[in-house]
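Here are some short exercises to work through with the model open beside you. Try each task before you read its solution.

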Amino acid sequence: MKKEKPLVEIFADGACSGNPGVGGYCAVLRSGRKERELTGAEGMSTNNRMELMAVITALEALKVPCRAKVTTDSSYIVKGMTEWIDGWIKKGWKNSQKKDVLNRDLWERLLRAAGPHDIEWLWVRGHNGHAENERCDALALAAIKRYRRKVVEDAAA
């Protein structure tokens, strides 16, 4: 009998102070009673890149193939992974306007990270009281503040 893949809930959000500007991201991974928070920041990014990094970081942290429920307020990610990506690949990474797909490097990384997993992509309205989305947003903003503080400290050293 084949063992069922473990279920992991992933809640992810990205934020940018300026777009482009300093960006931060957060993912919360939950499996049963265990939770893990992953955050990070970059000096010059966009909101969409940070949204992608949140999900990528979460999926790359999984050590075994899983069933994953990815919840995000980014319709860019949900539509990208459920509607657009196959067409982009068939068209040589061109979008419907025949222009290069933005953030191709991260979309390709997301595809690799998603590969071993069975993923359900769920969209929630941002800033609308969804507890985990609000938590991820706050932690992504905190990552931006930590990044800025470190830049100031490094400049003063």
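**Exercise 1: A salt bridge and its surroundings**

Lys-94 and Asp-100 form a salt bridge through their side chains, with 2.4 Å from N to O. A salt bridge here is a side-chain nitrogen of Lys or Arg within 4 Å of a carboxyl oxygen of Asp or Glu.

Before going on, a word on the ground rules. This is a predicted model, in which local features need pLDDT of at least 70 and side-chain atom pairs count only at pLDDT 80 or more, while totals for chains, interfaces and linings use all residues. Residues are numbered from 1 along each chain as its sequence is written, and side-chain values use heavy atoms, with hydrogens and water left out.

Task: Decide whether Lys-94 and Asp-100 are buried, partly exposed or exposed.

Solution:
- Step 1. Recall the classes: buried means under 20% relative accessible area, exposed means over 50%, and partly exposed is in between (1.4 Å probe, protein chains only).
- Step 2. Lys-94 has a relative accessible area of 30%, so this residue is partly exposed.
- Step 3. Asp-100 has 52%, so this residue counts as exposed.

**Exercise 2: Salt bridges across the chain and along a helix**

Task: Find which parts of the chain the pair Arg-135 and Glu-35 ties together, then look at how Asp-154 and Lys-150 are placed in helix 4.

Solution:
- Step 1. Start with the total: the whole structure holds 12 salt bridges.
- Step 2. One of them joins the side chains of Arg-135 and Glu-35, at 2.9 Å from N to O. Arg-135 belongs to helix 4 (residues 131–156) and Glu-35 to strand 3, so this pair links parts that are 100 residues apart in sequence. Helices (H or I, at least four residues) and strands (E, at least two) are DSSP runs, numbered from the N terminus.
- Step 3. Check accessibility: Arg-135 is partly exposed at 26%, and Glu-35 is partly exposed at 40%.
- Step 4. Turn to Asp-154 and Lys-150, whose side chains meet in a salt bridge of 2.8 Å, N to O. They are about one helical turn apart, because four residues separate them in helix 4.
- Step 5. Asp-154 is partly exposed at 46%, and Lys-150 is partly exposed at 48%.
- Step 6. Finally, trace the shared partners: Glu-9, Arg-30, Glu-35, Glu-37, Glu-132 and Arg-135 are joined into one network by salt bridges.

**Exercise 3: Reading the sheet**

Task: Work out in what order the five strands lie, and which strands are at the edges.

Solution:
- Step 1. The five strands make an open sheet with the order 3-2-1-4-5 and mixed pairing. Two strands pair if DSSP finds at least two bridges between them.
- Step 2. Strand 3 (34–45) and strand 5 (118–123) are the edge strands, each pairing on one side only.
- Step 3. On average, neighbouring strands are turned by 20° against each other, direction ignored.
- Step 4. Strand 1 and strand 4 run parallel and are joined by six bridges; Ile-10, for example, has Val-70 in strand 4 as its bridge partner.
- Step 5. Strand 4 (residues 67–72) and strand 5 also run parallel, again with six bridges. In strand 5, Leu-122 is the bridge partner of Thr-71, and Trp-123 is that of Thr-72.

**Exercise 4: A buried charge**

Task: Which side chain of opposite charge is nearest to Glu-51, and how far away is it?

Solution:
- Step 1. Place Glu-51 in helix 1 (residues 47–61).
- Step 2. Sort the charges: Lys and Arg count as positive, Asp and Glu as negative, while His and the chain ends are not counted.
- Step 3. The nearest side chain of opposite charge is Arg-49, 13 Å away; Glu-51 is buried and has no salt bridge.
- Step 4. Look for another partner: the side chain of Glu-51 reaches the backbone nitrogen of Gly-14 at 3.3 Å.
- Step 5. List the surroundings. Apart from neighbours within four places in sequence, the contacts of Glu-51 (heavy atoms within 4.5 Å) are Ala-12, Asp-13, Gly-14, Thr-72, Asp-73, Ser-74 and Ile-77. Thr-72 is the residue whose bridge partner in strand 5 is Trp-123.

Definitions and conventions: Polar contact = N/O pair within 3.5 Å; in protein donor to acceptor, adjacent residues only side chain to side chain. Axes fitted to C-alpha atoms, helices over the stretch in contact; angles between N-to-C directions.
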